[in-house]
Every structure is written in structure tokens, then in C-alpha cells.
Amino acid sequence: MAKYNIIEKKEKVAAYRSLVSPKMMDEMQEKIMNIIVMQKKYRDKDYSAKKLAEALGTNTRYISAVVNVRFHMNYTSFVNKYRIDEAMSILVDKRYQGLRMEEVSDMVGFANRQSFYASFFRVMGMTPREYRLEHLKQHPSMVAKRTRKTKEE
């Protein structure tokens, strides 16, 4: 029986990451958080890394470097994280129980229901609908009277 040739995987470091000084990283991290989170630009389906770079007067490579180094994910995952966080709040909020998944998806900035479901499942390990139902099972008092019929699937 042959032995497995296992080679330890070396983590590659993108050269452009070292181009951004720690001080500049700190400043850009704060500015990125301000725009994406505080100004809630994550809700804008069309707010790309390119638009963020333009708003900050820099380029997408620097944005990518800062997001990768400081948040340990790519730009899309970073933005989707905030979308999913808000979606989780909406899904369990009594005031929004009548919303369809497409409406929740739209409110938090996903382009379509499919990308919402895929991102939500990747982060939470369940669909948004399963998340809502699980929460309602655990908190039956949160069930609002339906004012209209909903189609969630």
C-alpha cells in the first residue's frame, strides 16, 4: 500500500496587501465600516467595491486588501454578512412576519431571492424560511396574525 504524499498547504499572501501601511489600513477600515455599516450601503444592490473605492478616493485593490486583512473575507462576503445580520432581525421581528422572502431579500440588498438563500445558507447552515420557523417555534408569542396570505417558498 502506497503512502499518501501529504504536503502542508502554505498560505499565500497577496503581494498588494503589504503595500497598504498599518496606519492606512486603520483609516480605511474605519471609513469602510462607516460607509458600508453606518450608512447602510450594504442595502444597495449596486454598491460595488468599485463604488466604495471611488467614494474613498482609492482603488479596488486597496479595498480588497483592507477587507481581506482586517475582516478575513472578500468584499462580497463582507457586505453579505451585514445583509444577513439584518435579514435575521427582520425574519424574527413580529412587525415583518407578513413579508415574503423576496421582500426581505430586497430590503437588505440582495439582487434576488436565490442569492439571498445561498448566502444565508452558507452563513447560517439553514434557509431563511427555516430560520424564521425555528425562531417562531422557540418563541410562539412572536407569531403575528397574518394580514395577508404569504408565499414563502
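**Helical organisation and nonpolar cores of the protein**

Of the 153 residues of the protein, 35% are classed as buried. The model described here is a predicted one. Its secondary structure consists of 7 helices and 0 strands, and the order of elements from the N terminus is accordingly written α-α-α-α-α-α-α. The accessible surface of the protein amounts to about 10,500 Å², and carbon and sulfur atoms contribute 53% of this area. Among contacts in the protein with a separation of 6 or more, 60% are made by residues 24 or more positions apart.

The interior was examined next. The largest nonpolar core comprises 22 residues. Within this core, the residues with the most contacts are Ile32, Ile36, Leu52, Ile63, Tyr75 and Phe78. At least two residues of the core are supplied by each of helix H1 (22-38), helix H2 (49-56), helix H3 (60-71) and helix H4 (75-92). H1 provides the largest share, with 6 residues. The surroundings of Leu52 illustrate how this core is connected: when neighbours within four places in sequence are left aside, Leu52 is in contact with Ile32, Ile35, Ile36, Tyr47, Ile63 and Tyr75. Another core, of 15 residues, lies apart from the one just described; Ala87, Ile90, Val104 and Tyr117 are among the residues of this other core.

The segment before H1 contains Ser21. With a relative accessible area of 34%, Ser21 is partly exposed, because this value falls between the limits of under 20% for buried and over 50% for exposed residues. Ser21 and Val66 are 45 residues apart along the chain, and a distance of 10.0 Å separates the C-alpha atoms of these two residues.

The arrangement of H4 and helix H6 (residues 113-124) was also analysed. The axes of these two helices come within 10 Å and cross at roughly 90°. H4 and H6 are therefore roughly perpendicular to each other, since angles of 65 to 115 degrees are placed in that class. On the H4 side, the residues that meet H6 are Asn80, Ile84, Ala87, Met88 and Leu91. Their partners in H6 are Phe116, Ser119, Phe120, Val123 and Met124. Sorted by class, the contact of H4 with H6 includes 8 nonpolar and 2 polar residues, and no charged residues. Ala87 thus appears in two descriptions: as a member of the core of 15 residues and as one of the H4 residues that meet H6.

Conventions. Residues numbered from 1 in each chain as written. Predicted model: local features only at pLDDT ≥ 70, side-chain atom pairs only at ≥ 80, totals over all residues. Heavy atoms only, no water. Helix = DSSP H or I, 4+ residues; strand = E, 2+ residues; numbered from the N terminus. Buried < 20%, exposed > 50% of the residue type's maximum accessible area, 1.4 Å probe, protein only. Contact = heavy atoms within 4.5 Å. Areas by Shrake-Rupley, 256 points an atom, 1.4 Å probe, with all protein chains shown as cover. Core = buried A, V, L, I, M, F, W, Y, C linked by side-chain atoms within 4.5 Å. Axes fitted to C-alpha atoms, helices over the stretch in contact; angles between N-to-C directions. Parallel < 35°, antiparallel > 145°, perpendicular 65-115°, else oblique. Nonpolar A, V, L, I, M, F, W, Y, C, P; charged D, E, K, R; others polar.
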